[in-house]
Amino acid sequence: MTNPAPADAAAVALELERLRGTMEAGFARVDGALALLVQRSDQSDRQLADHDKRLDALERNRWPLASLAAIISLVTLALSIWQATPAQ
């Protein structure tokens, strides 16, 4: 087996260095894109947690409305019946 000529070895080293630079640039772009995706995911998680809290607060504050409506209806019915009965 013969050793490669020095010019060939230098050409291979140069191409490997170019390939290394290309790979580093590609990895830097991928890292940047992944960082952006993680940031957006974190923002989405915060928004979802905020919406959950707001929905829970709305559900907590809503429950007395149905009870109050039923009580007011019963009071109104009782008043109507009381007024409709003849006075003695």
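Two exercises with worked solutions follow.

The model is predicted, so local features need pLDDT of at least 70 and side-chain atom pairs count only at pLDDT 80 or more, while totals for chains, interfaces and linings use all residues. Residues are numbered from 1 along each chain as its sequence is written, and side-chain values use heavy atoms, with hydrogens and water left out.

**Exercise 1.** Find which residues are joined into one network by salt bridges that share partners.

Solution.
1. Apply the cut-off: a side-chain nitrogen of Lys or Arg within 4 Å of a carboxyl oxygen of Asp or Glu. This rule gives 4 salt bridges.
2. One of them pairs E17 with R20 at 3.3 Å, N to O.
3. Another pairs R20 with E24 at 3.4 Å, N to O.
4. Salt bridges with shared partners therefore link E17, R20 and E24 into one network.
5. Place the pairs: E17 and R20 are 3 residues apart in helix α1, and R20 and E24 are 4 residues apart in helix α1. Helices are DSSP runs of H or I with at least four residues, numbered from the N terminus.

**Exercise 2.** Decide whether F27 is buried or exposed, and name the surface patch that contains F27.

Solution.
1. Take the classes: buried is under 20% relative accessible area, exposed over 50%, partly exposed in between (1.4 Å probe, protein chains only).
2. F27 has 51% relative accessibility, so F27 is exposed.
3. Locate F27: helix α1, residues 6-84.
4. A nonpolar patch joins side chains of Val, Leu, Ile, Met, Phe, Trp or Tyr within 5 Å, from residues with over 30% relative accessible area and no salt bridge. F27 belongs to the patch with V12, L16, L19 and M23.
5. Together these residues have about 510 Å² of accessible area (Shrake-Rupley method, 1.4 Å probe, only the protein chains shown counting as cover).

Notes: Patch = residues over 30% accessible without salt bridge, like charges linked within 9 Å, V, L, I, M, F, W, Y side chains within 5 Å. Helix = DSSP H or I, 4+ residues; strand = E, 2+ residues; numbered from the N terminus.
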